[in-house]
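Please read the following account alongside the sequence and the three-dimensional view. It proceeds from the overall fold to individual residues.

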Amino acid sequence: MGIDKSLDFKSVRIALLTISDTRTFDDDTSGDILAGRIEKKGHELVAREISRDSVEEIAAHLHRWIDDPEIDAIVTTGGTGLTGRDVTPEALDRVKSKDIPGFGELFRWLSYEKIGTSTLQSRACAVVARGTYIFALPGSNGAVKDGWDGILDAQLDSRHRPCNFVELMPRLRER
């Protein structure tokens, strides 16, 4: 289990969406952390935008990127909490083909080790939408580090064994 360095690394084309009513590119620290990790790993950051906490606006961003053949995966940060303005999971419900329930479960397990039962307030989740992965992480800097370092770094690495999300990409649209 781990990285098999005898295999070729395949770069993933990733779009990054920060979801917040208040953040701008000047103070989007969680987006900056994810962008840095995406590029440091060798993936291609093909788009980066900020959306308000609006189901319609978030879903519009996601639909546009899902239909873009140059985007393999979308990572979002923010809007996964429990307040009335936190609507990222509801936006994912509007675009998804399939849930990836283990993503949220693993995220909360990793987060529990750091913040204890407070992790219950996170609705981090992931879905597949018309052949595109979408991973929704909370908006805090610690949470995006947990999500990337603990899950996505390995699962978006084509060399990760025994299996990874990348090797499934050609088959996500099968019927």
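**From the overall fold to single residues**

Along its sequence, the protein shows the pattern β-β-α-β-α-β-α-β-α-β-β-α-β-α. The radius of gyration, taken over C-alpha atoms, is 15 Å, close to the 16 Å that the globule rule gives for 175 residues, so the protein is as compact as a globular protein of that length. The globule rule itself is 2.2 Å times the number of residues to the power 0.38. In total there are six helices and eight strands; helices (H or I, at least four residues) and strands (E, at least two) are DSSP runs numbered from the N terminus.

The model is a predicted one, in which local features need pLDDT of at least 70 and side-chain atom pairs count only at pLDDT 80 or more, while totals for chains, interfaces and linings use all residues. Residues are numbered from 1 along each chain as its sequence is written, and side-chain values use heavy atoms, with hydrogens and water left out.

Measures of the whole protein come next. Taken along the principal axes, the C-alpha atoms fill a box of roughly 45 × 35 × 35 Å. Of the 175 residues, 49% are buried, a term that means under 20% relative accessible area, whereas exposed means over 50% and partly exposed lies in between (1.4 Å probe, protein chains only). Of the contacts (heavy atoms within 4.5 Å) with a separation of 6 or more, 75% are between residues 24 or more positions apart. The protein exposes about 8800 Å², and carbon and sulfur atoms supply 51% of that area; the areas come from the Shrake-Rupley method with a 1.4 Å probe, and for residues only the protein chains shown count as cover.

Charge and cysteine chemistry can be described briefly. There are 24 positive and 29 negative side chains, and the centres of the two sets lie 3 Å apart. Here Lys and Arg count as positive and Asp and Glu as negative, with His and the chain ends not counted; each charge is placed at NZ of Lys, CZ of Arg, CG of Asp or CD of Glu. The structure holds zero disulfides, a disulfide being a pair of cysteine sulfur atoms within 2.5 Å. Cys125 is buried, at a relative accessible area of 19%, while Cys163 is partly exposed, at 40%.

The C-terminal helix α6 (residues 165-168) contains Val166, which is buried with a relative accessible area of 8%. Leaving aside residues up to four places away in sequence, Val166 touches Lys10, Val12, Gln155, Leu156, Asp157 and Ser158. Its C-alpha atom lies 10.0 Å from that of Phe9, although Val166 and Phe9 are 157 residues apart in sequence.Two loops show backbone features. Pro162 sits in the loop between β8 (160-161) and α6, and the peptide bond leading to it from Arg161 is cis, with omega near 20 degrees. Arg130 belongs to the loop between β6 (125-129) and β7 (132-137). Although Arg130 is not a glycine, it has a positive phi of about 50 degrees, and its relative accessibility of 32% makes it partly exposed.

Two further residues complete the picture. Lys5, in the loop between β1 (2-3) and β2 (13-19), is exposed at 71% relative accessibility. Leu106, in helix α4 (residues 101-115), is partly exposed at 33%, and its C-alpha atom is 7.8 Å from that of Ile151, 45 residues away in sequence.
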